[in-house]
Amino acid sequence: MQIAKNTIVTLHYEMFDVDNNLLDKTEEPISYLHGGYDGIFPLVEEALEGKNVGESVDVKLTADDAFGDPEEELIRVEDLEVFPADVEIGMVFEADDPETGELLLFRVTDIADGKAVVDANHPLAGQSIRFAAKVVEVRAASADEISHGHAHGEHGHHH
């Protein structure tokens, strides 16, 4: 079966930075609903269109095509007293966005002078990446998956 709209695509991927350093890779394959449901980068989805099991794609993505540019409003400076005593750079904390009520994950990026800098931007925001993927399975999506807009089952979303 070829990858087309309303198919569930299961793949292994590797992501590299511009210097070809490995940034991320799958240990277990991931699945997404193909056809414009925002389950994967649009340019990768476009490259996968029409592919079959065993075929691969290798797509270069600018920051805009990948994780976007960093947004200054997602970087905050907070007093250290609002954090646990053992706070360290790299720790992640949840906080509600006061404007949207959305839950954001903030990474501690710096600690100095009684303050901590926290950043809710994706760690790869602002970076161009190369996304290499190999298709391991393609199947027709169920009516439930199409109505929910995402894959269900072994490698996809679970309700």
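How many bridges join S7 to strand S8, and in which direction do the two run? Select residues 115-119 for strand S8 and 103-112 for S7. Five bridges join the two strands, and they run antiparallel. Keep in mind as you go that this is a predicted model.

**Stop 1: the S7–S8 hairpin**

Stay with these two strands and pick out Val108. Across from Val108 you will find Val118 in S8. Now move to the turn: two residues separate S7 and S8 in this hairpin, and Asp113 there has a positive phi of about 50°.

**Stop 2: the S6–S7 hairpin**

Next, keep S7 on screen and add strand S6, residues 92-96. S6 and S7 are antiparallel too, joined by five bridges. Click on Glu94 and look across to S7, where Leu105 stands opposite. The turn of this hairpin has six residues between the strands, and Gly101 within that turn shows a positive phi of about 80°.

**Stop 3: rings**

Now show the aromatic side chains. The model holds four aromatic pairs. Start with Phe41 and Phe67, an edge-to-face pair whose centres are 5.2 Å apart, with 85° between the planes. Where do Phe41 and Phe67 sit along the chain? Phe41 is in the loop between strand S3 (30-33) and helix H1 (42-48), while Phe67 is in the loop between strand S4 (56-61) and strand S5 (75-79); the pair thus links distant parts of the chain, 26 residues apart.

Try a surface view on the two rings. Phe41 has 14% relative accessibility, so it counts as buried, because the cut-off for buried is under 20%. Phe67, at 26%, counts as partly exposed.

Your next selection is Phe83 with Phe93. This pair is edge-to-face as well, at 5.2 Å centre to centre and 65° between the planes. Phe83 belongs to the loop between S5 and S6 and Phe93 to S6 itself, so their contact ties together parts 10 residues apart in sequence. Phe83 is buried, with a relative accessible area of 13%.

To finish with the rings, select Tyr13, Phe41, Phe67 and Phe131 together: ring pairs link these four into a cluster.

**Stop 4: confidence**

Finally, colour the model by pLDDT. The mean for the protein is 93, and 96% of its residues reach 70 or more. Which elements mark the two ends of the range? S6 has the lowest mean pLDDT among the elements, at 89, and S4 the highest, at 98. Wherever pLDDT is low, the predicted coordinates should not be read in detail.

Technical notes: Residues numbered from 1 in each chain as written. Heavy atoms only, no water. Phe/Tyr/Trp six-rings, centres within 6.5 Å; stacked < 30°, edge-to-face > 60°. Helix = DSSP H or I, 4+ residues; strand = E, 2+ residues; numbered from the N terminus. Buried < 20%, exposed > 50% of the residue type's maximum accessible area, 1.4 Å probe, protein only. Pairing = 2+ DSSP bridges. pLDDT = per-residue confidence, 0-100.
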